[in-house]
Amino acid sequence: MRWLEAFNTDGESTTLAQMNSGKTATVGNYSPPVEGTIKKIAIFVASTAATSLVEGVRIELESTDWSPNRLEFIVEGSGLRTAPGVVLTPFVYDVSLKMSKTTPIRGDYIHFSGTPVTSNIAVLFGFD
């Protein structure tokens, strides 16, 4: 299995917001560089300081190649991060989704509980 970073965000949003594409700091759809089948989606919820506060996060991914077109993934943070911080393992979901160079994928996120502080999210696709 190979992995690609499809989306990331460095910040907080309590309203649904589009994520950055790939490893960039630019909001936008992800254009896969290869054809394949996404077998796993890994979501990393990280923090940048001991005072970080991260609770519930929902990731929504959308592609016209999928049915249904929009999928939702719920992950949890670690609450208030104090030193020494809690190490969070990624949330990994088994899927079977088409990935095409000609069909962009949209990624959105929302912190749906609490008021997040200094959080980071990364979404990786594991594919064949």
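The following paragraphs describe the fold, the buried contacts, the ring pairs and the salt bridges of this predicted model.

We can start with the overall layout. The chain contains 0 helices and 9 strands, giving the pattern β-β-β-β-β-β-β-β-β when read along the sequence. Of its 128 residues, 45% are buried. Among contacts with a separation of 6 or more, 77% are between residues 24 or more positions apart. The exposed area of the chain comes to about 6,400 Å², and carbon and sulfur atoms supply 54% of that area. On the surface, Met1, Trp3 and Val92 make up a nonpolar patch with about 310 Å² of accessible area together. Trp3 belongs to strand S1 and is partly exposed, at a relative accessible area of 40%.

Aromatic rings come next. A pair of aromatic rings is described by the distance of the centres and the angle of the planes. The model has 4 aromatic pairs. One of them joins Phe7 and Phe125 in an edge-to-face arrangement, with 6.4 Å centre to centre and 80° between the planes. Phe7 sits in strand S1 (residues 2-10) and Phe125 in strand S9 (residues 119-127), so this pair ties together parts of the chain that are 118 residues apart in sequence. Phe7 and Phe125 are both buried. Ring pairs also bring in Tyr30, linking Phe7, Tyr30 and Phe125 into a cluster.

Several loop and strand residues add detail to this picture. Met19 is found in the loop between S2 and strand S3 (20-21), and with a relative accessibility of 0% it counts as buried. Leaving out residues up to four places away in sequence, the residues that Met19 touches include Phe7, Ile59, Tyr109, Ile121 and Val123. The C-alpha atoms of Met19 and Asn29 are 8.0 Å apart, with the two positions 10 residues apart in sequence numbering. Asn20 is part of strand S3 and is buried as well, with a relative accessible area of 11%. A polar atom of the Asn20 side chain lies 3.4 Å from the backbone nitrogen of Val27. Beyond four places in sequence, the contacts of Asn20 include Phe7, Asn8, Val27 and Gly28.

Ser13 offers another view of how distant segments meet. Ser13 is placed in the loop between S1 and strand S2 (17-18), and its relative accessibility of 11% makes it count as buried. Although Ser13 and Ile110 are 97 residues apart along the chain, their C-alpha atoms are separated by 5.6 Å. Outside its neighbours within four places in sequence, Ser13 is in contact with Tyr109, Ile110 and His111. The Ser13 side chain also reaches the backbone oxygen of Thr15, at 2.5 Å. Elsewhere, Ser67 and Pro68 are joined by a cis peptide bond, with omega of about 0°. Pro68 is in the loop between strand S5 (53-62) and strand S6 (70-80).

Charged residues complete the description. Side chains of opposite charge can pair when their charged atoms come close. The model contains 6 salt bridges. In one of these, Asp94 pairs with Lys40, the closest N and O atoms being 2.4 Å apart. This pair links distant parts of the chain, with Asp94 in strand S7 (residues 91-99) and Lys40 in strand S4 (residues 36-47), 54 residues apart. Asp94 is exposed, with a relative accessible area of 62%, while Lys40 is partly exposed at 26%.

Arg70 takes part in a salt bridge with Glu60, at 2.6 Å from N to O. Arg70 lies in strand S6 and Glu60 in strand S5, so the pair ties together parts that are 10 residues apart in sequence. Arg70 also forms a salt bridge with Asp108, at 2.4 Å from N to O. Here the partner lies in strand S8 (residues 106-111), so Arg70 and Asp108 tie together parts that are 38 residues apart in sequence. Arg70 counts as partly exposed, at 28% relative accessibility. Glu60, in contrast, counts as buried at 5%, and Asp108 is buried with a relative accessible area of 2%. These residues belong to a network of salt bridges that links Arg58, Glu60, Glu62, Arg70, Arg106 and Asp108.

Terms used:
Residues are numbered from 1 along each chain as its sequence is written. This is a predicted model: local features need pLDDT of at least 70, side-chain atom pairs count only at pLDDT 80 or more; totals for chains, interfaces and linings use all residues. Side-chain values use heavy atoms; hydrogens and water are left out. Rings of Phe, Tyr and Trp (its six-membered ring) pair if their centres lie within 6.5 Å; planes under 30 degrees apart count as stacked, over 60 as edge-to-face and the rest as tilted. Helices (H or I, at least four residues) and strands (E, at least two) are DSSP runs, numbered from the N terminus. Buried means under 20% relative accessible area, exposed over 50%, partly exposed in between (1.4 Å probe, protein chains only). Contact means heavy atoms within 4.5 Å. Accessible areas come from the Shrake-Rupley method with a 1.4 Å probe; for residues, only the protein chains shown count as cover. Patches are made of residues with over 30% relative accessible area and no salt bridge: like charges are joined within 9 Å, nonpolar side chains (Val, Leu, Ile, Met, Phe, Trp, Tyr) within 5 Å. A salt bridge is a side-chain nitrogen of Lys or Arg within 4 Å of a carboxyl oxygen of Asp or Glu. A polar contact is a pair of N or O atoms within 3.5 Å; within protein, one must be able to donate a hydrogen and the other to accept it, and residues adjacent in sequence count only if both atoms are side-chain atoms.
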